[in-house]
Amino acid sequence: MPLDAQQAVYLIDAQGRCLGEVVIERIERDRVFGEFRQEADFEAVRRLFGEFEEAVNEQLFGEADRLSREIDQLGLHLTGSGPTEQLSVCDVQIMHASAFCCRVPNLALTQIRRAVA
């Protein structure tokens with residue numbers, strides 16, 4: 001699934017919960033930045049993201065790394081409107097309730113396929 005700036009996608013976990021909508025603002029190499037708009041299911045993981053943000057702000061890098069691994073274990077992915085349109089993501093960060101950032105492994109390959117097509 002290729003990504004574009006201003007595109008809206010959804011952040012889904014391995015349990016199929018829609019945590020929120022992400023409006024992509026920019027893409028830099030394999031990193032996606034955007035605005036996160038939480039859905040009701042985000043409440044189930046809010047604490048985890050809040051603890052991660054607090055650890056980063058307090059420069060508790062060991063704790064931030066541990067929490068980042070826990071976030072990765074949620075099995076997060078971005079999905080579009082179609083059932084087969086999805087990209088696995090890692091290093092997901094949601095800061096200040098709406099600032100979104102993640103890494104998409106092999107994003108360049110996905111983007112190249114669109115350019116060739």
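Colleague: Which residue follows α1, and what is the sign of its phi?

Modeller: Q59 comes after α1, and its phi is positive, near 60°. The model is predicted, so local features need pLDDT of at least 70 and side-chain atom pairs count only at pLDDT 80 or more, whereas totals for chains, interfaces and linings use all residues. Residues are numbered from 1 along each chain as its sequence is written, and side-chain values use heavy atoms, with hydrogens and water left out.

Colleague: What makes residues 46–57 a helix, and how does the reach of α1 compare with the expected one?

Modeller: A helix is a DSSP run of H or I with at least four residues, a strand is a run of E with at least two, and both are numbered from the N terminus. Helix α1 has 12 residues, which satisfies that minimum of four. The expected span is 1.5 Å times one less than the number of residues. From first C-alpha to last, α1 reaches 16 Å, close to the 16 Å expected.

Colleague: Which residues of α1 are buried, and how do you know that they share a side?

Modeller: Buried means under 20% relative accessible area, exposed means over 50%, and partly exposed lies in between, with a 1.4 Å probe and protein chains only. In α1, the residues L48, F49, F52, E53 and A55 are buried. They cover an arc of only 160° around the axis, and therefore lie on the same side of α1; the arc is taken from the directions between the helix axis and the C-beta atoms. R47, E54 and N57 are exposed, on the face turned away from that buried side.

Colleague: What covers the buried residues of α1, and how does α1 run relative to β6?

Modeller: The cover includes α2 (61–72) and β6 (90–95), with contact meaning heavy atoms within 4.5 Å. α1 lies across β3 and β6, at about 85° to β6. Such angles run from 0 to 180 degrees between N-to-C directions, and the axes are lines fitted to C-alpha atoms, for helices over the stretch in contact.

Colleague: Why are β2 and β3 called a pair?

Modeller: Two strands pair if DSSP finds at least two bridges between them. Strand β2 (residues 18–28) and strand β3 (residues 31–38) have 8 bridges in the antiparallel sense, so the criterion of at least two is met. Within this pair, V23 stands opposite E35, and I24 has G34 as its bridge partner. The two strands form a hairpin with 2 residues between them, and R29 in the turn has a positive phi of about 55°.

Colleague: How many bridges join β1 to β2, and how many join β1 to β4?

Modeller: Strand β1 (residues 8–12) is joined to β2 by 5 bridges and to strand β4 (residues 77–79) by 3 bridges, in the antiparallel sense. I12 takes part on both sides: its partner in β2 is C18, and H77 stands opposite in β4.

Colleague: What is the strand order of the sheet, and why are β5 and β6 said to stand at its edges?

Modeller: The open sheet of 7 strands has the order β5-β4-β1-β2-β3-β7-β6, with antiparallel pairing. β5 (86–88) and β6 each have a single partner strand, so one side of each is left without a neighbour in the sheet. The twist averages 30° from one strand to the next.

Colleague: How do you know how many disulfides there are?

Modeller: A disulfide requires a pair of cysteine sulfur atoms within 2.5 Å, and the search of the whole structure finds 0. For C18 the nearest cysteine sulfur, that of C102, is 14 Å away. For C90 it is again that of C102, at 7.8 Å. Neither distance is within 2.5 Å, so neither C18 nor C90 is in a disulfide.

Colleague: Why is T110 called buried and S98 partly exposed?

Modeller: T110, in helix α3 (residues 107–116), has a relative accessible area of 8% and is therefore buried. S98, in the loop between β6 and β7, has 32% and is therefore partly exposed. Leaving aside neighbours within four places in sequence, T110 is in contact with M1, P2 and L87, and S98 with G34, E35 and F36.
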